[in-house]
Amino acid sequence: MTKAEAEAECRRLATESPEHETHRWVPREAENGEWAVVKIALPPHDEPMGTETRGDERPTTPDDPRPATWQNVPPWAAGS
């Protein structure tokens, strides 16, 4: 088998084989110069384990309800 034939066979198997979702085919050159098709098992697909949390969904920060004179006062100075 030539390299072109092996690549064509890999493309055919990727579309026609019933194992196309669990395996992948790649051409490989043997020591004698011939080409072959190698089947590689893909790892199982892990399903998400919960809900997605996105950082950009944070609500806007409301205005400070304190009077303007108290907004920038440090907490240790406010009680004296």
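Let's start with contacts along the chain: among those with a separation of 6 or more, 23% join residues 24 or more positions apart. The model is predicted, and the exercises below walk through it step by step.

**Exercise 1. Describe the order of the elements and the overall dimensions of the chain.**

Step 1: List the elements. The chain has three helices and two strands.

Step 2: Put them in order. Starting at the N terminus, they follow the pattern α-β-β-α-α.

Step 3: Look at the dimensions. The C-alpha trace spans about 90 × 30 × 20 Å along its principal axes.

Step 4: Set the chain beside a compact globule. With 80 residues, such a globule would have a radius of gyration near 12 Å, whereas this chain has 31 Å.

Step 5: Turn to the surface. Buried residues account for 9% of the 80 residues. The chain exposes about 7,400 Å², and carbon and sulfur atoms supply 53% of that area.

**Exercise 2. Decide whether Ser17 is buried or exposed, and find its partners.**

Step 1: Locate the residue. Ser17 sits in the loop that runs between α1 (3–16) and β1 (23–29).

Step 2: Apply the cut-off. Buried means under 20% relative accessible area. Ser17 has 11%, so Ser17 is buried.

Step 3: Find its contacts. Not counting residues up to four places away in sequence, Ser17 touches Arg12 and Trp25.

Step 4: Check the polar atoms. A polar atom of the Ser17 side chain lies 3.1 Å from the backbone nitrogen of Glu19.

**Exercise 3. Find which residues Val37 contacts, and how far it lies from Val73.**

Step 1: Place the residue. Val37 belongs to strand β2 (residues 35–41).

Step 2: Judge its exposure. Val37 has a relative accessible area of 26%, so it is partly exposed.

Step 3: Collect the contacts. Leaving aside neighbours within four places in sequence, Val37 is in contact with Met1, Ala6, Glu9, Cys10, Leu13, Trp25 and Val26.

Step 4: Look further along the chain. Val37 and Val73 are 36 residues apart in sequence, and their C-alpha atoms are 73 Å apart in space.

**Exercise 4. Work through the salt bridges of the structure.**

Step 1: Begin with the total. A search of the whole structure finds four salt bridges.

Step 2: Examine helix α1. The side chains of Arg12 and Glu9 form a salt bridge at 2.6 Å, N to O. Arg12 and Glu9 are three residues apart in helix α1, so about one helical turn separates them. Arg12 is partly exposed at 36% relative accessible area, and Glu9 is partly exposed at 25%.

Step 3: Extend the picture. Glu9, Arg12 and Glu16 are linked in a network of salt bridges.

Step 4: Look for a pair that joins distant parts of the chain. Lys39 forms a salt bridge with Glu19, and their closest N and O atoms are 2.9 Å apart. Lys39 is in strand β2 and Glu19 is in the loop between α1 and β1, 20 residues apart. Lys39 is partly exposed, with a relative accessible area of 43%, and Glu19 is partly exposed as well, with 30%.

Step 5: Add the pair formed by Arg66 and Asp64. The closest N and O atoms of this salt bridge are 2.7 Å apart. Arg66 has a relative accessible area of 40%, so Arg66 is partly exposed; Asp64, at 35%, also counts as partly exposed.

Key. Residues numbered from 1 in each chain as written. Predicted model: local features only at pLDDT ≥ 70, side-chain atom pairs only at ≥ 80, totals over all residues. Heavy atoms only, no water. Helix = DSSP H or I, 4+ residues; strand = E, 2+ residues; numbered from the N terminus. Buried < 20%, exposed > 50% of the residue type's maximum accessible area, 1.4 Å probe, protein only. Polar contact = N/O pair within 3.5 Å; in protein donor to acceptor, adjacent residues only side chain to side chain. Contact = heavy atoms within 4.5 Å. Rg over C-alpha atoms; globule rule 2.2 N^0.38 Å. Areas by Shrake-Rupley, 256 points an atom, 1.4 Å probe, with all protein chains shown as cover.
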